[in-house]
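Got your viewer open? Let's take a walk through this one, stop by stop, selecting as we go.

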Amino acid sequence: MSELPPDLPRLRTLEHCLVLSLERVRQRIAEVETREAALRPVRPCPPEATAK
């Protein structure tokens, strides 16, 4: 037996809630990636890479 609602209106409601949750998760991922990138040390390019 499925744990999903049997009717279309409730399925659409569930879909909408999941879309909103996914958007929040993606936003949080972007925030954490930005924060972690800011904490990474910046290494200068080796001299041979900039000499070209």
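Start by selecting Ala37, which is partly exposed at 39% relative accessibility. The labels work like this: buried means under 20% relative accessible area, exposed means over 50%, and partly exposed is in between (1.4 Å probe, protein chains only). Ala37 sits in helix α1. Helices here are DSSP runs of H or I with at least four residues, strands are runs of E with at least two, and both are numbered from the N terminus.

A quick word on what you're looking at: this is a predicted model, where local features need pLDDT of at least 70 and side-chain atom pairs count only at pLDDT 80 or more, while totals for chains, interfaces and linings use all residues. Residues are numbered from 1 along each chain as its sequence is written, and side-chain values use heavy atoms, with hydrogens and water left out.

Now keep Ala37 selected and add Leu4. Their C-alpha atoms are separated by 39 Å, with the two residues 33 apart along the chain.

From Leu4, grow your selection to include Leu8, Leu11, Leu14 and Leu18. Together these five make a nonpolar surface patch of about 430 Å². To join a patch, a residue needs over 30% relative accessible area and no salt bridge; nonpolar side chains (Val, Leu, Ile, Met, Phe, Trp, Tyr) are joined within 5 Å, and like charges within 9 Å. The areas come from the Shrake-Rupley method with a 1.4 Å probe, and for residues only the protein chains shown count as cover. Click on Leu14 in particular: its place is in helix α1, which covers residues 8–39, and at 30% relative accessibility Leu14 counts as partly exposed.

Next, the charged pairs. How many salt bridges does the structure hold? There are 3, each being a side-chain nitrogen of Lys or Arg within 4 Å of a carboxyl oxygen of Asp or Glu. Visit them one by one:

- Asp7 and Arg10: the closest N and O atoms are 2.5 Å apart. Asp7 is partly exposed, at 24% relative accessibility.
- Arg12 and Glu15: these side chains meet at 3.3 Å, N to O. Both residues lie in helix α1, 3 residues apart, about one turn of the helix. Glu15 is partly exposed at 41%.
- Arg28 and Glu31: here the closest N and O atoms are 3.5 Å apart. These two are separated by about one helical turn because they are 3 residues apart in helix α1. Glu31 has a relative accessible area of 39%, and Arg28 comes in at 45%, so Glu31 and Arg28 both count as partly exposed.

Time for the cysteines: select Cys17 and Cys45. Is each one buried or exposed? Cys17 is partly exposed, with a relative accessible area of 41%, whereas Cys45 is exposed, at 57%. The structure holds 0 disulfides (a disulfide is a pair of cysteine sulfur atoms within 2.5 Å).

Finally, zoom out to the whole chain. You'll find 2 helices and 0 strands. The radius of gyration is 22 Å, well over the 10 Å that the globule rule gives for 52 residues, so the chain is more spread out than a compact globule. That radius is taken over C-alpha atoms, and the rule is 2.2 Å times the number of residues to the power 0.38. Rotate the C-alpha trace and look along its principal axes: the spans are about 65 × 20 × 20 Å. Of the 52 residues, 0% count as buried. Switch on the surface for your last view: the accessible surface comes to about 5,300 Å², and 62% of that belongs to carbon and sulfur atoms.
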